[in-house]
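Here are some short exercises to work through with the model on your screen. Try each task before you read its solution.

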Amino acid sequence: MQGAPDFGPAVKQIEVTLFLRHTSAPRATLGGDLKEHRQLRATLPKTVYRRAKGKVEIDVASGLLSKDVWARKPRPSLPMFVRAIDEVTSALSLLSKRLKPTDAFDVAALLSHCEAAKKRMPRSQTALKSLMARLKAQADSKRAALSPWERLDIDWEEFHPAARDLLDDPFFWDPTDDFSPNGNDTGADLLESYRDWIKRRKQAQPMQFLERLADDWGYESFAAIDDEHRDEAAVGLAFADLKLRGECDPEARALALAAIERQRREAEAAKKWKHREEQLQALEKIERKLTPGRKARGGKGPAR
């Protein structure tokens with residue numbers, strides 16, 4: 001899109017998601033998610049235009065790429081890059097079916113620009129690596145100019161109005177930090193599942209949700225889940241509750257605090273683990289947020 005002209009003010013952002021095929025077995029806790037993924041793929045393509053935000057979301061089932069091939073290919077891979085560009089360009093053509101003639105956006109000009117850009121694509125693996133390095137440097141420079149909150153790129157309308165004030169550190173919202181409550185795979189998947197759960201119910205019951213989640217994961221009960229994923233889920237639920245309802249269910253809080261204590265003991269025992277201190281510091285932050293007013297361990301002062 002570099003060097004593109006102005007296509008009109010009606011669309012400020014376009015988000016294309018390629019839903020990859022996945023033929024291998026899922027991890028133990030993700031079996032239900034894979035089933036839903038496959039069911040969702042069968043309903044695609046889907047295009048949503050959020051007119052008030054000037055944002056278009058396009059979901060398409062990738063016919064060329066699969067998660068398994070993605071994992072095996074060297075990155076960046078020229079054949080994969082070319083196929084992905086074709087799929088994204090094809091997805092953009094769906095804009096014409098969603099936008100109205102009265103929407104001030106020139107879809108034809110956008111597609112024409114994309115077709116011209118495709119002719120300038122790298123022709124060798126070396127050229128692709130050079131392009132990717134240049135784009136990464138530009139993205140890093142742009143990201144460095146953002147505040148920690150801006151880097152999260154969160155749509156706050158998806159969360160409770162009080163959530164950002166309750167969780168006032170970007171750490172709690174970071175979707176890429178494995179030590180953040182909803183940053184690891186378990187916590188991230190749980191947040192989305194819990195969002196769907198409370199949408200369908202007038203009164204949230206977090207502990208019932210955990211049992212339903214365990215069933216979706218293929219376990220007889222929440223207690224039967226392996227220790228690592230059970231503790232991640234317990235902590236993830238407490239913070240999902242804060243983010244989506246603006247409060248934390250007392251039982252969910254107690255469950256999370258017990259999980260944090262187990263995680264702390266394991267981290268303290270792992271003397272040679274290179275991420276040991278990082279996790280211990282993260283657990284301290286998480287625990288203090290769930291127990292307002294508690295002093296930090298080691299007498300470092302009151303919690304924020």
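A nonpolar core is a set of buried Ala, Val, Leu, Ile, Met, Phe, Trp, Tyr and Cys residues joined through side-chain atoms within 4.5 Å. Keep in mind that this is a predicted model.

**Exercise 1.** Find the residues of the largest nonpolar core that touch the most other members, and the elements that supply this core.

*Solution.* Start with the core itself, which has 40 residues; L190, Y194, F209, F239, I286 and L290 touch the most other members. Next, look at the elements giving two or more residues: α9 (185-199), α10 (206-216), α11 (227-245), α12 (250-269) and α13 (276-290). The largest share, 9 residues, comes from α11. Now zoom in on L190: leaving out residues up to four places away in sequence, L190 touches F209, L210, L213, A233, G236, L237 and A240. Finally, look for a second, separate core; this one has 16 residues, including A10, V60, L95 and F105.

**Exercise 2.** Is C114 buried or exposed? Decide for C248 as well.

*Solution.* Buried means under 20% relative accessible area. C114 has 7% relative accessibility, so C114 counts as buried. C248 has 9%, so C248 is buried too. As for disulfides, a search of the whole structure finds 0.

**Exercise 3.** Describe the protein chain as a whole, beginning with its helices and strands.

*Solution.* First, count the elements: the chain has 13 helices and 3 strands. Then take its extent: the C-alpha trace spans about 60 × 45 × 40 Å along its principal axes. Last, turn to burial: 39% of the 304 residues are buried.

Notes
Residues numbered from 1 in each chain as written. Predicted model: local features only at pLDDT ≥ 70, side-chain atom pairs only at ≥ 80, totals over all residues. Heavy atoms only, no water. Helix = DSSP H or I, 4+ residues; strand = E, 2+ residues; numbered from the N terminus. Buried < 20%, exposed > 50% of the residue type's maximum accessible area, 1.4 Å probe, protein only. Disulfide = S-S within 2.5 Å. Contact = heavy atoms within 4.5 Å.
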